[in-house]
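This briefing covers selected local features of one protein model. Please keep the structure open while reading the points below.

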Amino acid sequence: MRVRIQRIPTEVSGTHTVRGVHPAASFRAHRSLPAGRHCTRCRRVSRMVVSAAATGDQQGGVDQTLNPRVAALKPSKTMALTDLARQLRESGRDILGLAAGEPDFDTPAAIVDAGVQALRTGQTRYTPNTGTAPLRAAICQKLKQENGLQHSPSDIVVSNGAKQAIWQALLATCSEGDEVIIPAPYWVSYPEMARLAGAEAVVVDTTADAFLLTPARLGAALTPRSRLLILCTPSNPTGAVYSRAAQEALAQVVAEHPRLLVLSDEIYEHIIFPPACHVSFGTLPNMAPRTLTVNGFSKAFAMTGWRLGYLAAPPHFAAAAAGIQSQSTSGASSIAQHAALAALGLGNAGGEPVAEMVTAFQERRDFLFDALSDIPGIKLEKPEGAFYMFPEVTAFFGPTIVAKDFGPVPDADTLCRYLLETVGLALVPGDAFGGGDYLRISYAASMATLQDAAARLARALHPANFSTS
């Protein structure tokens, strides 16, 4: 079996240090030492730092040099395309945007009412760093009843969105030169967060296995430096769901590596379609001490703008994440936390309001899957959760493919530009998620919008519109 693994190194690795200098101080020290004293990787960083100043990277007499890790960050294509679609729409263009990972529903009324009540009753002051006591207690109760996870309030860190919780988990657990195992396709921010934390992103391709990491591929990717495995189920961008059996098989591999932790991103747990069901990795035998669970309120409760997520982790790691938060943002919004408490009071899995949204998502999934399957050249797996399609579109781009009235279409990025310019359809190229042969389509939109989008896509991808040069 061929296993495709891509190691994406950080610009600075703590395993490569200046001789005679403590690892924690090596990056600072190697700036002032001769290049010959550095390893190859460190020399690259040293040259980058020097060249920024030496090449006149200045404006108004101020040195514009950035931290190398920040300078190497890639922008989020999902955010960029969503912003572009919004700008074009505001300029008068007829644009359908299916790039954003955001429910189109309003936040349920009971949650909004709780937020308004918090405002009217003066609940507008700083909260404890890790979240209010009632909310953390309610999260623990939710995790126990719905997920089978046992946590105390001190294990919970409430943050400004699940993204912050993930970032703090990475920063708390990963050291210079550690490796973070990331199954591809992946959420766009995982590799960039790993690099910012000083780790190496080890990307493992899963496209040959229905977008699910297998034990064999995981085992082949692991080394003594492996520190963290990131699992997202249901998956953004593919909608794939790991069954209990699939996770148990992975857990057996994890158990063989004492340093390896698992970050279980469960933000889409409630948006799942039968017969698939959600399983929290931390409930598997002997996995609780290794598992950092991330969840939040944005997706299932349609609360993206409220910005609230949380980390549930073993005490040592929760305390470390709390320390990071205390020195960065401090506690999350008091109003959002009151609203989240109401969200957790709606009932099991969000009660009727969330169930109605999930039913709508499933109807949209079924429609869009059938519509895309009818377009010649598109190949796709039927998603079991979340609200994304991830079709393979290699039939429509390549080094010799030309689109009528547009020009060459060498890759998925160009294909997305072709769709935006010709039929006003904003989608995200798959390379943003580590899957360059694919597009991500969000079906978190009304049925009318999806019907219009499917018609535009079929029109743009008609075989008569493409030729070879």
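In this predicted model, helices α5 and α12 cross in the right-handed sense. Their axes come within 8 Å, at an angle of roughly 145°. Further points follow on this helix pair, on helix α6, on a sheet of three strands and on one loop residue.

**Helices α5 and α12**
- Helix α5 covers residues 109–120, and α12 covers residues 334–344.
- On the α5 side, the contact is made by Ala 110, Ile 111, Ala 114, Gly 115, Ala 118 and Leu 119.
- On the α12 side, Ile 335, His 338, Ala 339, Ala 342 and Ala 343 take part.
- Sorted by class, this contact has nine nonpolar and two polar residues, and no charged ones.

**Helix α6**
- Helix α6 runs over residues 133–147, which is 15 residues.
- At 1.5 Å a residue, α6 should span 21 Å, and the 20 Å between its end C-alpha atoms agrees with that.
- The buried residues of α6 are Leu 135, Arg 136, Ala 138, Ile 139, Cys 140, Lys 142, Leu 143 and Asn 147.
- These buried residues pack against three strands, β5 (156–159), β10 (291–296) and β11 (309–312), and against helix α12.
- Helix α12 therefore appears in two places here: it packs against buried residues of α6, and its axis crosses that of α5.
- Gly 148 follows α6 and has a positive phi, near 75°.

**Sheet β14-β13-β18**
- The three strands form an open sheet in the order β14-β13-β18, with antiparallel pairing.
- Strands β14 (407–408) and β18 (466–468) are at the edges; each has a single partner strand, so one side of each has no neighbour in the sheet.
- Strand β13 (residues 401–403) is joined to β14 by two bridges in the antiparallel sense.
- Val 402 has Pro 408, in β14, as its bridge partner.
- In general, strands of a sheet pair through backbone hydrogen bonds, in either a parallel or an antiparallel way.

**Ala 288**
- Ala 288 sits in the loop that links β9 (261–265) and β10.
- Its relative accessible area is 45%, so Ala 288 counts as partly exposed, a class that lies between the 20% limit for buried and the 50% limit for exposed.
- Apart from neighbours within four places in sequence, Ala 288 is in contact with Gly 282 and Pro 314.
- Ala 288 and His 151 are 137 residues apart in sequence, while their C-alpha atoms are 9.7 Å apart in space.

Definitions and conventions: Residues are numbered from 1 along each chain as its sequence is written. This is a predicted model: local features need pLDDT of at least 70, side-chain atom pairs count only at pLDDT 80 or more; totals for chains, interfaces and linings use all residues. Side-chain values use heavy atoms; hydrogens and water are left out. Two strands pair if DSSP finds at least two bridges between them. Helices (H or I, at least four residues) and strands (E, at least two) are DSSP runs, numbered from the N terminus. The expected span of a helix is 1.5 Å times one less than its number of residues. Buried means under 20% relative accessible area, exposed over 50%, partly exposed in between (1.4 Å probe, protein chains only). Contact means heavy atoms within 4.5 Å. Axes are lines fitted to C-alpha atoms, for helices over the stretch in contact, and angles run from 0 to 180 degrees between N-to-C directions. A crossing is left-handed if the near helix is turned anticlockwise from the far one by less than a right angle, and right-handed if clockwise. Ala, Val, Leu, Ile, Met, Phe, Trp, Tyr, Cys and Pro count as nonpolar, Asp, Glu, Lys and Arg as charged, and the others, Gly among them, as polar.
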